[in-house]
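Here's a quick briefing to read with the model open. Have the sequence and the 3D view side by side as you go.

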Amino acid sequence: MRVVSAVLLPWCPDCGTPSGRCDDRRDREIRDLKVSGRPTTLVWRRRRMVCDVCDRRFVEAHRAFEGSVTARLARRMVADARAMPVNTAARGHGVSWGLVNALVVAWAGLVADHRRRRRCRVLLVDETSIRKRHRYVTVLVNADTGEVLAMVPHRSHAALSAFLAAQGHRWCKGVKVVVSDGSKAYNAAIDARLGHARHVLDRFHVIRWFQAGLVAARRDVQRRPEGSVPAFDRDVFRSRFLLMRRPDKLSEAEQARLGELFAAHPRLTAAWDAPAELHGLYLADDHKGAMAALDRFADIYSTGLIPEFSDTVDTFLAWHNQILGWHHAARPSNGRIEGTNNLPQVLRRTAHGFTNYANFEARGILLT
């Protein structure tokens with residue numbers, strides 16, 4: 001099908017002057033949506049114009065076309081790339097992988113720019129992997145909207161600091177709360193670029209630190225003298241998952257089972273009570289209640305029965321401002337970004353072997 005532009009006077013891209021001088025006309029094939037399942041190609045009689053003011057020669061453009069495809073076909077291919085690999089979308093439309101990927105990257109850039117222009121009051125920071133234990137990206141999410149702002153290559157101080165610097169001073173001043181894990185690199189970048197904001201550690205990571213002392217104590221209790229067969233106490237080992245449960249989540253049968261275990265191994269009682277009191281930091285209604293729970297943990301730790309919690313105490317002392325700040329920042333959580341990170345993991349399995357950070361970010365932003 002042969003088509004022509006209805007625009008009488010195309011604008012010069014240099015000086016913006018309408019031009020009516022046509023130097024020549026050339027046919028260009030433009031791929032369009034299929035009709036009844038059959039490929040459709042438009043032949044555009046494209047004019048080459050000459051500007052009357054600056055004497056520049058230029059070819060006319062039209063918003064209905066995106067390079068060698070129509071805009072509606074480009075939108076369809078980007079939509080298909082959300083639900084399937086780029087290779088599959090390209091084969092379905094009979095175009096190259098490079099064309100579909102270029103459209104995805106361009107569209108993701110527009111989406112990301114639009115998201116970053118909005119005010120971000122609570123910023124969530126976490127990392128996810130492109131290839132497990134090989135390549136990582138820093139994921140930034142606006143907690144107010146749940147939208148992914150960027151997936152920055154690497155998980156370092158430079159990566160996060162460069163993103164915040166690129167956003168500008170005004171955007172950074174609008175950030176009031178930052179939630180991250182216990183990464184020292186992220187902490188340094190946040191202190192440097194968002195020193196005015198309240199930095200809060202995500203409670204999931206903090207509670208995991210608390211549980212590490214219980215795991216170490218349980219492993220020590222279950223060991224039997226050298227040469228014993230078996231080498232560990234089976235009852236203690238089988239209770240490893242039960243010990244990780246919160247007291248208020250246990251059934252009567254589970255409580256009875258733990259009661260028998262604690263009667264046989266009194267040190268496990270202190271090891272189990274310690275993280276329960278530390279978890280009270282988050283169950284408390286306010287900062288005062290959190291400090292009371294911390295005092296109860298201190299009383300248990302002072303008995304000397306749980307030396308395995310020494311690392312937990314050191315970690316808490318190093319991050320106490322970020323941990324206790326949870327009660328002063330409307331109790332934020334990284335739960336939203338953890339859920340978002342599951343989507344790129346699905347993408348990683350769908351399109352295995354990602355090595356290009358820009359392509360992964362584009363697909364990730366499009367997917368989320």
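What follows is a tour of one sheet, the helices around it, two helix pairs and a few backbone oddities.

Keep in mind that this is a predicted model. The centrepiece here is an open sheet of five strands in the order β9-β8-β7-β10-β11, with mixed pairing. Helix α6 packs on that sheet, and helix α14 lies across β7, β8 and β9.

**The sheet**

- Start at the rims: β9 and β11 (198-201) are the edge strands, each pairing on one side only.
- On average, neighbouring strands of this sheet are turned by 25° against each other, if you ignore direction.
- Strand β7 (residues 122-131) is mostly covered, with eight of its 10 residues buried.
- On one pairing, β7 and strand β10 (residues 177-180) go parallel over three bridges, and Leu124 sits opposite Val179 of β10.
- β7 also pairs with strand β8 (residues 135-142), this time antiparallel and through eight bridges; there, Thr128 has Val137 of β8 as its bridge partner.
- β8 and β9 are antiparallel too, joined by five bridges, and Thr138 faces Val152 in β9.
- If you're tracing side chains along these strands, remember that in a regular strand they alternate between the two faces of the sheet.

**Helices on the sheet**

- α6 touches β7, β8, β10 and β11, and its direction makes about 145° with that of β7.
- α14 runs at about 170° to β9 while lying across β7, β8 and β9.
- Helix α14 (residues 357-367) is largely enclosed by the rest of the structure, because nine of its 11 residues are buried.
- The buried set in α14 is a mixed bag: Tyr357, Asn359, Phe360, Glu361, Ala362, Arg363, Gly364, Ile365 and Leu366.

**Helix α4 and Ser161**

- Which residues of α4 are buried? They are Ala159, Leu160, Ser161, Phe163, Leu164 and Gln167.
- The cover over those buried residues includes α3 (97-117), β7, β8, β9 (147-153), α5 (169-173) and α6 (184-193).
- A handy reminder when looking down a helix: an α-helix has 3.6 residues a turn, so residues three or four places apart point the same way.
- Ser161 belongs to helix α4 (residues 157-167). Its relative accessible area is 8%, and the cut-off for buried is under 20%, so Ser161 counts as buried.
- Setting aside neighbours within four places in sequence, Ser161 is in contact with Ala189 and Arg193.
- Just after α4 comes Gly168, with a positive phi of about 95°.

**Two helix pairs**

- Helix α7 (residues 203-222) packs against helix α12 (residues 310-324) at an angle of about 165°, their axes 11 Å apart. That makes α7 roughly antiparallel to α12.
- The crossing of α7 past α12 is left-handed.
- On the α7 side, the contact uses Val206, Trp209, Phe210 and Gly213; on the α12 side, it's Thr312, Thr315, Phe316, Trp319 and Ile323.
- Sorted by class, the residues where α7 meets α12 come out as six nonpolar, three polar and no charged.
- Helix α2 (residues 86-93) and α3 make the other pair: their axes come within 8 Å and cross at roughly 115°, in a right-handed crossing.
- Val86, Asn87, Ala89 and Ala90 of α2 make that contact with Trp97, Val100 and Asn101 of α3.
- The α2 and α3 contact has five nonpolar, two polar and no charged residues.

**Positive phi outside glycine**

- His154 isn't a glycine, yet its phi is positive, near 75°. Look for His154 in the loop between β9 and α4.
- Is His154 buried or partly exposed? With a relative accessible area of 45%, His154 is partly exposed.
- Arg331 is also not a glycine, and has a positive phi of about 55°. Arg331 lies in the loop between α12 and α13 (335-350).
- Arg331 has a relative accessible area of 34%, so it counts as partly exposed.

Technical notes:
Residues numbered from 1 in each chain as written. Predicted model: local features only at pLDDT ≥ 70, side-chain atom pairs only at ≥ 80, totals over all residues. Heavy atoms only, no water. Axes fitted to C-alpha atoms, helices over the stretch in contact; angles between N-to-C directions. Helix = DSSP H or I, 4+ residues; strand = E, 2+ residues; numbered from the N terminus. Parallel < 35°, antiparallel > 145°, perpendicular 65-115°, else oblique. Left-handed = near helix turned anticlockwise from the far one by under 90°. Contact = heavy atoms within 4.5 Å. Nonpolar A, V, L, I, M, F, W, Y, C, P; charged D, E, K, R; others polar. Buried < 20%, exposed > 50% of the residue type's maximum accessible area, 1.4 Å probe, protein only. Pairing = 2+ DSSP bridges.
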